[in-house]
Amino acid sequence: MFIVFVNDICDVVPDGVTVKLFADDIKLYSVIKNTLDRDNLQSCLRVIFEWSAHWQLNLSPSKCSVLHVPSIRVSSYCSYHFNDVILPNIDSVTDLGVTSDSKHGYISHIDKIVSKASLRSKLILNCFQSRNPILLAKAFCTFVRPTLEYCSVVSSPALKKDIYRSEAVQRRFTKRLTVLRNIPYCDRLAYLNLDSLFNRRIKSDLLLCFLAAHADVSLHRLAPLREKIMLNCTRL
């Protein structure tokens with residue numbers, strides 16, 4: 001019902017400004033080529049404020065911010081205000097759990113998820129009394145791996161150092177399992193019936209490409225496709 005109540009906000013946004021809604025969050029963006037584009041974006045903020053006042057949905061300017069994504073290096077940026085409150089310019093923003101910066105980079109996001117996943121890995125090893133490697137591996141897949149793989153098709157590490165840092169979480173965890181301590185990483189994964197995180201990201205990317213090329217694909221057809229991709233990545 002809330003979505004129905006706020007959905008008409010898209011109708012009041014002027015041309016030239018794109019609006020994206022998710023729950024009670026709204027994102028606006030526009031290509032700024034001249035002062036007219038800047039004024040148009042500012043007028044959009046004014047219209048949204050008037051719309052929110054009309055429907056008695058108070059907005060929070062303190063939670064709003066501006067992220068500039070320049071095509072070239074710019075020494076200064078124009079400022080925007082919302083109900084006489086100047087919105088701060090930020091270098092990075094977290095959107096639906098993914099942190100990106102003004103260069104479309106995800107270094108800070110990778111830093112965050114690697115730190116969080118490493119802490120969870122240590123907690124599993126410290127809190128579980130059982131030393132059964134299969135049980136601990138299942139706990140890792142349940143509580144740690146989703147943190148590293150959340151929205152990986154968008155924020156997948158591109159640099160070798162970031163790929164290694166992400167993989168090192170699983171590498172260190174399996175290394176601390178008593179019976180697997182002295183065998184190579186690939187053999188540890190085979191024993192636990194796990195894939196490397198790198199291969200799993202490849203599979204996710206391939207699935208996304210397939211879905212983009214076949215938008216009408218039904219869910220029951222994805223299972224054999226996933227198995228086929230797993231076999232191909234294993235051969236790699």
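Here is a friendly question-and-answer session about a predicted model.

Student: How many salt bridges does a search of the whole structure find?

Tutor: Let's start with the count, and then take some of the pairs in turn. A search that covers the whole structure gives a total of seven.

Student: Which residue does Lys-27 meet in a salt bridge?

Tutor: The side chains of this pair come together with an N to O distance of 3.3 Å. The pair links distant parts of the chain, 68 residues apart, with Lys-27 in strand 2 (residues 25-29) and its partner in strand 7 (residues 92-95). That partner is Asp-95.

Student: Is Lys-27 buried, partly exposed or exposed?

Tutor: Buried means under 20% relative accessible area and exposed means over 50%, with partly exposed in between. Lys-27 has 27% relative accessibility, so Lys-27 counts as partly exposed. Its partner Asp-95 has a relative accessible area of 31%, so Asp-95 is also partly exposed.

Student: Where do Glu-50 and Arg-46 lie?

Tutor: Glu-50 forms a salt bridge with Arg-46, and their closest N and O atoms are 3.2 Å apart. The two residues are four apart, about one turn of the helix. Both of them lie in helix 3 (residues 35-54).

Student: What is the relative accessibility of Glu-50, which counts as partly exposed?

Tutor: Partly exposed lies between the 20% and 50% limits, so we should look for a value in that range. Arg-46, the salt-bridge partner, is partly exposed at 45%. For Glu-50 the value is 44%.

Student: Are Lys-203 and Asp-195 buried or exposed?

Tutor: Lys-203 forms a salt bridge with Asp-195, and the closest N and O atoms are 1.9 Å apart. To be called buried, a residue needs under 20% relative accessible area. Lys-203 and Asp-195 are both buried.

Student: Which residues are linked with Asp-111 in a network of salt bridges?

Tutor: Here we look beyond a single pair. The network of salt bridges links Asp-111 with Asp-162 and Arg-165.

Student: How much space lies in the largest cavity?

Tutor: The structure holds one cavity of 30 Å³ or more. Its lining includes Ile-110, Leu-148, Ser-166 and Arg-201. The space in the largest cavity is about 50 Å³.

Student: Which helices each supply at least two residues of the lining of the largest cavity?

Tutor: Among the lining residues are Ile-110, Ile-113, Ser-152 and Ser-155. By residue range, the two helices are 107-127 and 152-155. They are helix 4 and helix 7.

Student: How do the residues of the lining of the largest cavity divide into nonpolar, polar and charged?

Tutor: Arg counts as charged and Ile as nonpolar, whereas Ser falls among the polar residues. The lining includes residues such as Arg-201, Ile-113 and Ser-156. The split is five nonpolar, four polar and one charged.

Student: Which residues form a nonpolar patch on the surface with Phe-22?

Tutor: Phe-22 lies in strand 1 (residues 18-22). Its relative accessibility is 46%, so Phe-22 counts as partly exposed. The patch has about 310 Å² of accessible area together, and the partners of Phe-22 in it are Leu-96 and Tyr-150.

Student: Why is the phi of Gln-56 worth a look, and what value is it near?

Tutor: Most residues other than glycine have a negative phi, so a positive one catches the eye. Gln-56 is found in the loop between helix 3 and strand 3 (66-67), and Gln-56 is exposed, with a relative accessible area of 70%. Its phi is positive, near 55°.

Student: Where is Asn-193 found?

Tutor: Asn-193 also has a positive phi, near 60°. At a relative accessible area of 72%, Asn-193 is exposed. Asn-193 is found in the loop between helix 9 (185-192) and helix 10 (197-213).

Student: What distance separates the C-alpha atoms of Phe-82 and Gln-42?

Tutor: Phe-82 is found in strand 4 (residues 81-82), and at 5% relative accessibility Phe-82 counts as buried. Along the chain, Phe-82 and Gln-42 are 40 residues apart. Their C-alpha atoms are separated by 8.3 Å.

Technical notes. Residues numbered from 1 in each chain as written. Predicted model: local features only at pLDDT ≥ 70, side-chain atom pairs only at ≥ 80, totals over all residues. Heavy atoms only, no water. Patch = residues over 30% accessible without salt bridge, like charges linked within 9 Å, V, L, I, M, F, W, Y side chains within 5 Å. Areas by Shrake-Rupley, 256 points an atom, 1.4 Å probe, with all protein chains shown as cover. Salt bridge = Lys/Arg side-chain N within 4 Å of Asp/Glu carboxyl O. Buried < 20%, exposed > 50% of the residue type's maximum accessible area, 1.4 Å probe, protein only. 1 Å grid on protein atoms, 1.4 Å probe; cavity = no way out; pocket = protein on both sides within 12 Å on 5 of 7 lines; lining within 4 Å. Points joined across faces, edges and corners; volume = space filled by probe spheres on them.
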